Amino acid sequence: MKRVLIIIAAVTMLASCNSKKRLAEIKSLQDARDKAVASLNDCDQRTATLKTQLAAKDTDLQGKDKQVSDLQSQIDYLKKTNTNLLDRMSDLSIVSKAGAESIKKSLETLNEQTKYTNNLNSSIQRKDSMNLALVMSLKRSLDDINDQDVQVEVKKGVVYVSLSDKLLFKSGSYEVLPAAETVLGKVAKVVNDHKDLDILVEGHTDVVPISTSAIKDNWDLSALRATSVVRTLQKKFSVAPERMTAGGRSEFAPKDDNTTDAGRQQNRRTEIIITPKLDQFFNLLSGAQAGGSK
């Protein structure tokens with residue numbers, strides 16, 4: 001009996017030891033599984049991180065590829081430009097001595113033309129200054145005359161003194177009125193002070209026709225009035241006849257509208273045009289050209 005009890009106790013102890021050993025093995029397996037799960041989770045996280053980094057690297061690589069492509073395009077453009085420049089330098093290097101001399105002469109001609117233009121501009125400015133002084137002098141002399149009867153202005157580079165027909169003549173007449181001689185005397189004094197100028201006297205009419213035993217038409221009337229003024233300037237105020245020219249313009253250079261009374265009144269006039277002598281004018285041009293060619 002005692003032996004049986006010993007055997008039972010031994011079996012019981014053996015079973016208890018086996019149970020503890022199995023529990024230890026199970027726990028060890030669970031710990032290993034937990035470690036494997038943790039390691040797997042860590043591996044997944046690292047994989048996700050690596051994928052993110054790889055995507056960023058791909059994007060960066062694409063940007064670098066574009067930069068490389070742009071730089072290659074710039075290099076190709078610079079190579080082409082450099083080739084063109086070398087070709088142009090090669091062309092320039094074969095310019096002959098005769099070609100260089102031709103270029104030099106062209107530059108000298110351009111400089112001469114520039115000097116001529118500058119001298120001509122200076123001459124024109126001097127002429128404009130002279131015209132201004134002449135206008136001021138005439139206006140001072142004619143200051144007491146009605147502005148509607150006498151107008152002084154610069155047109156086309158010359159001085160115009162426009163005198164109304166009612167100031168100078170009776171209607172349809174070409175005889176200068178005695179009262180008009182005072183005005184012509186003042187004009188004569190100014191032009192006599194400027195003997196380097198010529199005087200052109202032009203007669204103008206309106207469109208109203210005229211026909212008398214002494215006057216055939218407006219051509220006659222305008223020309224006769226101009227010659228009457230020239231004759232008065234010569235004989236009564238000693239203006240040199242070689243400085244003067246008389247001409248008639250009839251109705252064909254109107255100043256205003258011939259369909260109104262006021263317009264026709266403006267058109268009936270005699271103009272004394274004070275101009276540089278033609279020979280002096282051409283000398284002025286020649287002097288400017290000579291100055292530019294030095």
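Let's start with the parts list: this chain has seven helices and five strands. Please keep in mind that what you see is a predicted model. If you walk along from the N terminus, the elements come in the order α-α-β-β-α-α-β-α-β-α-β-α.

A few overall figures for the chain, before we go into detail. Of its 294 residues, 25% count as buried. The chain exposes about 20300 Å², and carbon and sulfur atoms supply 57% of that area. Now look at contacts between residues at least 6 apart in sequence: 69% of them join residues at least 24 apart.

Next, the sheet. In what order do the five strands sit? Going across, we meet E1-E2-E5-E3-E4, in an open sheet with mixed pairing. The edges belong to strand E1, residues 150-155, and strand E4, residues 244-248, each of which pairs on one side only. On average, neighbouring strands in this sheet are turned by 20° against each other, if we ignore direction.

Let me show you two of the pairings. Strand E2, residues 158-164, and strand E5, residues 269-276, run antiparallel and are joined by six bridges. If you want a spot to find on screen, Ser 164 stands opposite Arg 269 of E5. E3 and E4, on the other hand, pair in the parallel sense, over five bridges. There, Gly 203 has Gly 248 in E4 as its bridge partner.

And which helix packs on this sheet? Helix H5, residues 218-237, does, and it touches E3, E4 and E5. The direction of H5 makes about 160° with that of E4. Together, E3, H5 and E4 make a right-handed β-α-β unit.

Now to the side chains. How many salt bridges does the structure hold? Eight, and I'd like to walk you through some of them.

Take Asp 149 and Lys 166, whose closest N and O atoms are 3.9 Å apart. Asp 149 lies in the loop between helix H2 and E1, while Lys 166 is in helix H3, so this pair ties together parts that are 17 residues apart in sequence. Asp 149 is buried, at 12% relative accessible area, whereas Lys 166 counts as partly exposed, at 47%.

The next pair is Arg 249 with Glu 202, at 3.5 Å from N to O. Here Arg 249 comes from the loop between E4 and helix H6, and Glu 202 from strand E3, so the parts tied together are 47 residues apart in sequence. Is each partner buried or partly exposed? Glu 202 counts as buried, with 11% relative accessibility, and Arg 249 counts as partly exposed, with 34%.

My last pair is Arg 268 and Asp 206, whose side chains meet at 2.7 Å, again N to O. Why does this pair tie together parts that are 62 residues apart in sequence? Because Arg 268 lies in the loop between H6 and E5, and Asp 206 in the loop between E3 and H5. Arg 268 is partly exposed, at 24% relative accessibility, and Asp 206 is buried, with a relative accessible area of 6%. There is one more partner to point out: through shared salt bridges, Asp 165, Asp 206 and Arg 268 are joined into one network.

To take away, then: five strands in an open sheet, H5 packed on that sheet, and eight salt bridges in the structure. Thanks for listening!

Definitions and conventions
Residues are numbered from 1 along each chain as its sequence is written. This is a predicted model: local features need pLDDT of at least 70, side-chain atom pairs count only at pLDDT 80 or more; totals for chains, interfaces and linings use all residues. Side-chain values use heavy atoms; hydrogens and water are left out. Two strands pair if DSSP finds at least two bridges between them. Helices (H or I, at least four residues) and strands (E, at least two) are DSSP runs, numbered from the N terminus. Axes are lines fitted to C-alpha atoms, for helices over the stretch in contact, and angles run from 0 to 180 degrees between N-to-C directions. Contact means heavy atoms within 4.5 Å. Buried means under 20% relative accessible area, exposed over 50%, partly exposed in between (1.4 Å probe, protein chains only). Accessible areas come from the Shrake-Rupley method with a 1.4 Å probe; for residues, only the protein chains shown count as cover. A crossover is right-handed if, with the strands pointing away from the viewer, the path from the first strand over the helix to the second runs clockwise. A salt bridge is a side-chain nitrogen of Lys or Arg within 4 Å of a carboxyl oxygen of Asp or Glu.
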